[in-house]
Amino acid sequence: MNKITRSRAPLVLHNRKGSRKRAELNRNKLRVSRNEKLESGHFRVYKDPEVRELLEKNFLNKCCYCGTKVPLHVSHAHIEHFRPKTAVTTLTGKVKPGYYWLVAEWSNLLYACPLCNENKDTHFPVSDERQRKIEIEDILEEKELLVNISSRNYRFDDNYSYDFGCKESWISEAVVLEGKSEKGWKTISICKLSRPELNAKRMEIKQSVLKECSMFLEFLKLCEQAISKDNYLVKRRYCECAKDFLNKYFSKKSLELEHYSLRVKILEMAIIKDSKSLIKFNKVVEKESQAIKIYEEQEDEDVLTELNDMGVIDVIISNYEL
Ligand SMILES: [Zn+2]
């Protein structure tokens, strides 16, 4: 549920004169004017593999509603229409015509897991039904009550928060996703973002992140101890392991992690409060890096062999990979 940045629309969705997209829209316009019912077979352009591939890439293979990684298999990933194709269910359960003219519109296409996609179905609540568009019109006036992580002003913290329970016992308590805005609450309720499978997954992530956090804090201590001794090899190994952890969670690539927003919140609770250690660690690494560099230049294979024989490196590595 992190914000995503869209690349430019794929070629097949460009609205050029004579394009497949424009031809399909014109055919559907004609059907609507004749009061013919629109069916899913009338929409083909958005199903082009180019569209799916780019959505997968832009959404980092994660569901736009629940943040779960969608398996990289064509049948598992759903192209989600933010504004539904053929019919819309309002907040009061009324069914209105869908937004057929936005079916192949790049900004209306999202990437969702099958469960969220099925739950969302034809729901598309707006704050004022009088502003709902049912014909080809600009949708700017509509105030939708559903979270879109690809919209320009989306921020996780504006819409959602995680309740970790009581501060003293948060480590063992369940993680509950809550809304912070009407949009957030409606999205949680429509897409069933508090379903048992998701709650179990959140708990699993919390436990694994906490385990990594405690390993990391342990590494910080070991780094300091190693640094105080004059053993460059051990020193370097500890620093590398600790740096791997920081890279995993604080680099650009971190966004690819499943349920990243949740992981960050857990880190904030477990580690950021220990920010003094982090700052100290960074300073120590900086100060020592020069010494490590000098050591590497004159690295002696005998030392490596000796340490390997002692099993030191294996112990460190296996600890880290726990
Ligand atoms: Zn989902």
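Colleague: Which residues of α2 are exposed on the other side of the helix?

Modeller: Happy to start there. This is a predicted model, where local features need pLDDT of at least 70, side-chain atom pairs count only at pLDDT 80 or more, and totals for chains, interfaces and linings use all residues. Residues are numbered from 1 along each chain as its sequence is written. A residue is exposed if 12 or fewer other C-beta atoms, placed from the backbone, lie within 10 Å of its own, buried if 20 or more do, and partly exposed in between. On the other side of α2, the exposed residues are Pro49, Glu53 and Lys57.

Colleague: And which residues of helix α2 are buried?

Modeller: Helix α2, a DSSP run (H or I, at least four residues; strands are E, at least two) numbered from the N terminus, covers residues 49-58. Its buried residues are Val51, Leu54 and Leu55. Seen down the axis of α2, they fall within an arc of 100 degrees, taken from the directions from the helix axis to the C-beta atoms, so they line one face of the helix.

Colleague: What do the buried residues of α2 pack against?

Modeller: Contact here means C-beta atoms, placed from the backbone, within 7 Å. By that criterion, the partners are β1 (78-81) and β4 (109-112).

Colleague: Where is confidence lowest in the protein?

Modeller: pLDDT is the predictor's confidence in each residue, from 0 to 100, and its mean over the protein is 83. Helix α5 (residues 182-190) has the highest confidence, at 97. Where pLDDT is low, the predicted coordinates should not be read in detail. The lowest confidence, at a mean of 44, is in helix α11 (residues 312-320).

Technical notes:
Contact = placed C-beta atoms within 7 Å.
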